[in-house]
Amino acid sequence: MSMTDPVADLLTRIRNSNGERHEKLDVPASRLKANVVRVLKEEGYIKNFRLHRDEGKPFIKIYLKYTEKGEPIINGIRRVSSPGLRQYAGYEKMPRPLSGAGIAIVSTSRGVMSSQKARQAKVGGEILCEVW
């Protein structure tokens, strides 16, 4: 069975695992998902991630991050662009979730990066999701 929106599936798995306070989760791998997870790690929203291959099928093992009190670091994660309605923005109009307290993950011609890095590099692209 093919998945219509693999990025939305990734975000939903992270949201659900976060809500249940799981330490880690496994997600079927793709290059785009790996890049989104890499940005989450660079921005400090997850502890780590590893690419694995089990019986020929690649997957990503994501290690979630919590505060010392056990509260999740990711308070919200939302898909912005979808296969039916793509959302694009130039670098001047990059979103700033929660007035800069969160990040937007953007797919640009220079790869997947946070909206802050896209603004600095002066490149626009497709807004994949917002995290806060």
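Which residues does Ile 62 touch, not counting residues up to four places away in sequence? In this predicted model, Ile 62 touches Leu 10, Ile 14, Glu 23, Lys 24, Leu 25, Val 27, Val 37, Ile 46, Asn 48 and Phe 49. Keep Ile 62 in mind, as we will come back to this residue in the sheet and in the core.

## The chain as a whole

Let's step back for an overview. The protein chain holds three helices and eight strands. Going along the sequence, their pattern reads α-β-α-β-β-β-β-β-β-α-β.

The C-alpha trace spans about 40 × 40 × 25 Å along its principal axes. The radius of gyration of the protein chain is 15 Å, which agrees with the value near 14 Å that a compact globule of 132 residues would have. Of those 132 residues, 40% are buried. Among contacts with a separation of 6 or more, 63% join residues that are 24 or more positions apart.

## A sheet of three strands

Now look for an open sheet of three strands, with the order β1-β3-β2 and antiparallel pairing. Its edge strands, β1 and β2, each pair on one side only. From one strand to the next, the twist averages 25°. As a general point, strands of a sheet pair through backbone hydrogen bonds, either parallel or antiparallel.

The pairing of β1 with β3 is antiparallel and runs over five bridges. Here we meet Ile 62 again: this residue of β3 stands opposite Leu 25. Asp 26 stands opposite Lys 61, also in β3. The side chains of β1 alternate along the strand. Leu 25 and Val 27 point to one face and are buried, while Lys 24, Asp 26 and Pro 28 point to the other face and are not buried.

## Two helices against the strands

Two helices meet these strands. α1 packs on the sheet, where this helix touches β1 and β3. The direction of α1 makes about 165° with that of β1.

α2 lies across β1, β2 and β3. Relative to β2, α2 runs at about 155°.

## The nonpolar cores

The largest nonpolar core has 25 residues, and those touching the most other members are Ile 14, Ile 46, Ile 62, Ile 105 and Val 131. Two or more residues come from each of α1 (6-19), β1 (24-28), α2 (31-42), β2 (46-54), β3 (57-64), β6 (103-108) and β8 (125-131). α2 gives the most to this core, with five residues.

Another core lies apart from it. This one has five residues, among them Met 94, Val 106, Met 113 and Ala 118.

## A buried aspartate

To finish, find Asp 5, in the segment before α1. Is this residue buried or exposed? Asp 5 counts as buried because its relative accessibility is 16%, and the cut-off for buried is under 20%.

The side chain of Asp 5 has a polar partner too: it makes a polar contact with the side chain of Arg 79, at 3.0 Å. Leaving aside neighbours within four places in sequence, Asp 5 is in contact with Arg 79, Ser 82 and Pro 83.

Conventions. Residues numbered from 1 in each chain as written. Predicted model: local features only at pLDDT ≥ 70, side-chain atom pairs only at ≥ 80, totals over all residues. Heavy atoms only, no water. Core = buried A, V, L, I, M, F, W, Y, C linked by side-chain atoms within 4.5 Å. Buried < 20%, exposed > 50% of the residue type's maximum accessible area, 1.4 Å probe, protein only. Helix = DSSP H or I, 4+ residues; strand = E, 2+ residues; numbered from the N terminus. Contact = heavy atoms within 4.5 Å. Polar contact = N/O pair within 3.5 Å; in protein donor to acceptor, adjacent residues only side chain to side chain. Pairing = 2+ DSSP bridges. Axes fitted to C-alpha atoms, helices over the stretch in contact; angles between N-to-C directions. Rg over C-alpha atoms; globule rule 2.2 N^0.38 Å.
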